[in-house]
Amino acid sequence: MAAGGDHGSPDSYRSPLASRYASPEMCFVFSDRYKFRTWRQLWLWLAEAEQTLGLPITDEQIQEMKSNLENIDFKMAAEEEKRLRHDVMAHVHTFGHCCPKAAGIIHLGATSCYVGDNTDLIILRNALDLLLPKLARVISRLADFAKERASLPTLGFTHFQPAQLTTVGKRCCLWIQDLCMDLQNLKRVRDDLRFRGVKGTTGTQASFLQLFEGDDHKVEQLDKMVTEKAGFKRAFIITGQTYTRKVDIEVLSVLASLGASVHKICTDIRLLANLKEMEEPFEKQQIGSSAMPYKRNPMRSERCCSLARHLMTLVMDPLQTASVQWFERTLDDSANRRICLAEAFLTADTILNTLQNISEGLVVYPKVIERRIRQELPFMATENIIMAMVKAGGSRQQAASVVKQEGGDNDLIERIQVDAYFSPIHSQLDHLLDPSSFTGRASQQVQRFLEEEVYPLLKPYESVMKVKAELCL
């Protein structure tokens, strides 16, 4: 930072995403050290490629740059930026100060976006690589939960009103299906990322064409070599000064969609906690409320919902930024992108860490679920009872009249049990009222869904499945 307070001090604002919530590994990817170290790596790759293609760069200069990749004088860089009002040139000077022999060839032929945009693309790729296994682990934990409770009947809700029965596992598969779509989308966006490469000030590569005295092939080779050194399979053929800001839209749209999935899941968990059918993990020393210590508030799910709302809104930044990039580039993207890209990934990281923690300790209360089913099941069973009476020789119309007109609140079955008219089916009532007979193919759907869609999707992440979630706060 060129100016500002001491960001490690309690007297200065610090983003809660970094200080309270996000994982150390995600915070590091968006740290100044990682960013500026990557700038230096990009300058080294450029010099190596330029040397290979015949520019007068010595091995001694290359070695000097290699030896000082980590030797970053942040204080000097801040002072230089304050003086020059240019972050990239401040770091060119700072790198050159510790590499005096190589100073003249650092950033040779490049524009600021060579390091700025290419570093952003490397960071986006690496941040996505951190999110993918975390999301896979959440899906895996929920899949275990769904498999174990695939046949456990529970009352379904539409409009948050009692509906037909489903199973706890089938409901969980609704959550998993959304997250599987998110996993596929994250992987697609990650694999679709292209390097900006070596393009020059307006994307024409004119400066490099001049360096190589009009040798078009060498300029193309330079672009290809640096792209490969950075670990990308492809680079943009067409850029302005920057890579198209549509890339940022693509990435943050997928993260926003993940936010929507997590918000829905954690809202369901919060509602089920109110019904006392399910709870998120609650630690022994955890306090639910300062005034009401008996409460068991679903604070993790509430945190996920709170942060997911923030994540969903962040996609508006790149949408608006891309729409106002005049011609080859305007600089009004820079300050906005410093905030929204980092915040989106730190927020996504936080909600996935938290959701994994939740999914590893979900508690189900079958007796509470059973009691709620018994309150509603008699009314769901009326059609089955009527049909059983018809099969036993009774009149459908008379049976329906008795069931619907004489049934009271929750005592319908008791009335039927003492009503002589229904004596032909009294012995069948237990079977007719078995909750599992009202869940349709839910358990079979769970099994097929997990085997055909979920487990194959998780296979590439098997090696990281055992990692447990750790919450910062």
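**Exercise 1. How many helices and strands are in the protein chain?**

The protein chain has 20 helices and four strands. Helices (H or I, at least four residues) and strands (E, at least two) are DSSP runs, numbered from the N terminus. This is a predicted model, where local features need pLDDT of at least 70, side-chain atom pairs count only at pLDDT 80 or more, and totals for chains, interfaces and linings use all residues. Residues are numbered from 1 along each chain as its sequence is written, and side-chain values use heavy atoms, with hydrogens and water left out.

**Exercise 2. Describe the overall spread of the protein chain.**

Step 1. The C-alpha atoms fill a box of roughly 105 × 55 × 40 Å along the principal axes.

Step 2. Buried residues (under 20% relative accessible area, 1.4 Å probe, protein chains only) account for 51% of the 473 residues.

**Exercise 3. Work out how H8 packs on H20.**

Step 1. Two packed helices are described by the angle between their axes and the distance between the axes.

Step 2. Helix H8 (residues 168–192) meets helix H20 (residues 442–458) at about 25 degrees, with axes 10 Å apart. Axes are lines fitted to C-alpha atoms, for helices over the stretch in contact, and angles run from 0 to 180 degrees between N-to-C directions.

Step 3. H8 and H20 are therefore roughly parallel, a term for angles under 35 degrees.

Step 4. Contact means heavy atoms within 4.5 Å. Contact residues include Cys173 and Ile176 of H8, and Phe449 and Leu450 of H20.

Step 5. The contact residues divide into eleven nonpolar, four polar and one charged. Ala, Val, Leu, Ile, Met, Phe, Trp, Tyr, Cys and Pro count as nonpolar, Asp, Glu, Lys and Arg as charged, and the others, Gly among them, as polar.

Technical notes:
Angles under 35 degrees count as roughly parallel, over 145 as roughly antiparallel, 65 to 115 as roughly perpendicular and the rest as oblique. Buried means under 20% relative accessible area, exposed over 50%, partly exposed in between (1.4 Å probe, protein chains only).
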